[in-house]
Amino acid sequence: MATAAVSDSVSSEQVVVFRLEAERYGVDIFRVNEIIRLREITPIPHTPPHVRGLVNLRGKTIPVVDLRIRFSLAEETTDKARIIVVESANGQIGLVVDEVCEVCTLDGAGVEPPPSGVGGDCVRGVARREDRLIALLDLDQTLEG
Amino acid sequence: MATDLDMSQYLDLFVQEGEEQLETLERELLLLEKAPTAERIDLVFRAAHTLKGAARAMDFSNLASVTHEMENVLDAVRGGKMIVSTPIADALLACLDVLRTMLDAIQGGRGDAWQDDGLIGKLQGFLNGGAPEAVATAGPSGLPQEISDALSVASAERPVFRATVVLREDCVMKFVRAFMAIQAVGENGELLASIPDAAALEDEAFEREFTLFFHSDDEPETVAKRLDKLGEIESIQVAPHTAPKPLNESPNVPAPVSPKAATAEEEPAAEKGAPKGGSATVRVDVARLDELMNLVGELVIDRARISGIGAALAAKYALDEHLEALAETSGHLARITSDLQDGLMKTRMMPIETVFNRFPRMVRDLANKLGKEVELEIVGGETELDRSVLETIGDPLIHILRNSIDHGLEPPYARGGKSRQGRVVLSARHQENHIVIEITDDGRGIDAERLKTKALSQGLITQEVAERMSERDALNLIFHSGFSTAAQVSEVSGRGVGMDIVRSNIQKLGGLIDVETVLGQGTKFTLRLPLTLAIIRGLLVRVAGVVYVLPLGSVVETLRVENEQIQSVRGREVVVIRGETVPLVRLRRTFGRSLDEGVPADVAYMVVVGLADRRLGLVVDRLVGEQEVVIKSLNRFCGDVRGISGATILGDGNVALIVDVNGIVSEAV
């Protein structure tokens, strides 16, 4: 991608783009620690359904949130599913997504406020890229519920 | 004050050693009050003196002046001019509190600022009330009588040396040099006396020359070399000191009779851990030990994983030649890991007396306040346990002790046929992989019927429950939150908080608390705690397709139960085992999983767990096995989960949850 012209008031940001069903979402790359394959998840009783449970990340146990369930999509696991490990206020948390697509740089000027309804409070903006819309996730809101 | 030394780097050491001196002071002062002996007085005096010297050297003048006043009083005691009466002990102990606060402040970088609330005046008052200062008479050697007496007694046992030090004219802090010189001669020995005396040295009441008399296991030349390193010194002379008139015909410089052993005997136990020359111990930062413990935890997990992988490979490639080598290596790895784990565990172990030592003082103050006579006996203070457990049991023990003294023990006039003095025994011992702590008092005991009446009137239980309640259950009411039998709320206890917190704290540690009582004869609290919190043996069970870990320490037995053995009593499922009715909890239900998933419903396994003498059967689908597991806390994101106390990683690399057995039992029984 060509270097975007940076104007005074607008900065660019790098995001990790992933897919949930047909929709594309982006998370700030500085919040992403790593991307791992789906592995055995141990369920935790008495937690909300979107908290899938705990996984072993090199000797650490980290909780995993299923974004499909979080965003009220049908529960389904695909072979391309991955866990994106992100840094949150409560330590590392894994996000189960259908597929990790790419890492790209977004021109800040192209980011628009979210149309109402899409992803609720969890989307902080929408970016357009090659005719596709990317919903930028507000991680803290997403992990709040 | 200008100084050529950078004192800041010694600050930690100063605080650490200061705390040790305070510990010695407190322990010995309490003993001194009961049973004064010359050695004990000396020990206390020396501890105060060392502390003062160190404080001066570090330029903490408030700390130094408080210790100085203490020292004056102690000196009078040492000189036989007064005895340690209760008011004097009170004042001296109050000084220790002040000093402790100062040390805390110093460590926190806030210096030793202090507002005297009359304490110093009180100490000085004791001195003025005492006999006038005896004038030191000169002995046969021209030395003051006191010194020559001390030296002739001392030289009967070990060689005595004298070191005469002359400071340079431009020496800035004479007392610091003197103090360092005292430290230098005392390094492998002990300072016996000095001219001028210690107080004068510290007040810089000397010209440039002073003489130290001391025992030492080192050669005079070695000591001289040490002194030479101090700087700002003009000349040093170290030579054997010849006692002018041996008291008991022993030779002037006796043959060295295994000086090492003599030192060992004379060193009080309290000083162990202090970095004496020749001592074979090291101080290690606690954080570093914790870090190592984490690493060993990871190793334990990987060890289990490797043997799991080995077993899987063996099943797949039964005849491969490398498999045997793998099995061998993995076996060796397992042994080494175990040894490493044991070794590190032992390193982290500390004697429980580090906690127990706080209690004599507390008990004494409490007894005085309540007008009771209490004798506290401590048994098994040397029993060791992991410092993670050690850190958390102090508060529960304080609560129990306070309760025993406040509620348990009667006032001296109301103890019937028993001795006026109440007795509280605090004991610790190892039992299997646990430590058992007992707090026994010979007080009035707990009246179970009275507890019931009280609980009834406080609306904690209903009439019906009260009638069915066994004596044991009634006793357990004391652990109920909001329950208090004290007719009056006292400052000490009786606020209705305490015992419930005690129980929940102990359960959090994976421990048990039990109470036994005999009316009129006393009460015994028994605490059973794991030796460590980091690694436990667990029983692996499967519930609705998920593996859970039950701490083996709370498992009593495992049984197979058929459906027809399960009966219902008052809407609760129970099983009768050897004539005893045991209530059941189905873990599938506890963990909110579907009840009829996968397993045949007519047979199940039951793990009987116990909390004190309460039993509960946990119904699981299958028993999987036993394994050592490293406890990891649940992520903050998950918060507190009912029925779960933590997580761990199993040999297959998967995460398993650790069941909070104590929580489930308390909830169910």
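**Briefing on chain B: helices, an open sheet and a strand residue**

At 1.5 Å a residue, the twelve residues of helix α14 (residues 359–370) of chain B should span 16 Å, and the end C-alpha atoms of this helix are indeed 16 Å apart, so the two values agree. The model described here is predicted. The points below take up helix α14(B), helix α3(B), a four-stranded sheet with its helices, and residue B:V425.

**Helix α14 of chain B**

- The buried residues of α14(B) are B:F359, B:R361, B:M362, B:V363, B:R364, B:L366 and B:A367.
- Several elements of chain B help to cover these buried residues, including the helices α1 (11–34), α4 (86–107), α13 (353–356) and α15 (387–408).
- The strands β6 (374–379) and β8 (422–431) of chain B are also among the elements that cover them.
- Just after α14(B), B:G371 adopts a positive phi of about 65 degrees.

**Helix α3 of chain B**

- Helix α3 of chain B comprises 18 residues (residues 61–78) and reaches 24 Å from its first C-alpha to its last, close to the 26 Å expected at 1.5 Å a residue.
- Its buried residues include B:L63, B:A64, B:V66, B:T67, B:H68 and B:E69.
- Also among the buried residues of α3(B) are B:M70, B:E71, B:V73, B:L74, B:A76 and B:V77.
- A positive phi of about 75 degrees is found at B:G80, just after α3(B).

**The four-stranded sheet**

- In chain B, four strands form an open sheet in the order β2-β3-β1-β4, with antiparallel pairing.
- Strands β2 (189–195) and β4 (233–240) of chain B stand at the edges with a single partner strand each, so one side of each is left without a neighbour in the sheet.
- On average, neighbouring strands of this sheet are turned by 25 degrees against each other, direction ignored.
- Seven bridges join strand β1 (residues 160–167) of chain B to β4(B) in the antiparallel sense.
- B:V165 has B:I236 as its bridge partner in β4(B).

**Helices on the sheet**

- Helix α9 (residues 220–228) of chain B packs on the sheet and touches β1, β3 and β4 of chain B, its direction making about 165 degrees with that of β4(B).
- Helix α7 (residues 174–186) of chain B lies across β1, β2 and β3 (209–216) of chain B, and runs at about 20 degrees to β3(B).

**Residue B:V425**

- B:V425 belongs to strand β8 of chain B.
- Although B:V425 and B:D441 are 16 residues apart in sequence, their C-alpha atoms are 6.4 Å apart in space.
- Not counting residues up to four places away in sequence, B:V425 touches B:E377, B:V379, B:E438, B:I439 and B:T440.

How values were computed:
Residues are numbered from 1 along each chain as its sequence is written. Chains are lettered from A and ligands numbered from 1 in the order in which they are written. This is a predicted model: local features need pLDDT of at least 70, side-chain atom pairs count only at pLDDT 80 or more; totals for chains, interfaces and linings use all residues. Side-chain values use heavy atoms; hydrogens and water are left out. Helices (H or I, at least four residues) and strands (E, at least two) are DSSP runs, numbered from the N terminus. The expected span of a helix is 1.5 Å times one less than its number of residues. Buried means under 20% relative accessible area, exposed over 50%, partly exposed in between (1.4 Å probe, protein chains only). Contact means heavy atoms within 4.5 Å. Two strands pair if DSSP finds at least two bridges between them. Axes are lines fitted to C-alpha atoms, for helices over the stretch in contact, and angles run from 0 to 180 degrees between N-to-C directions.
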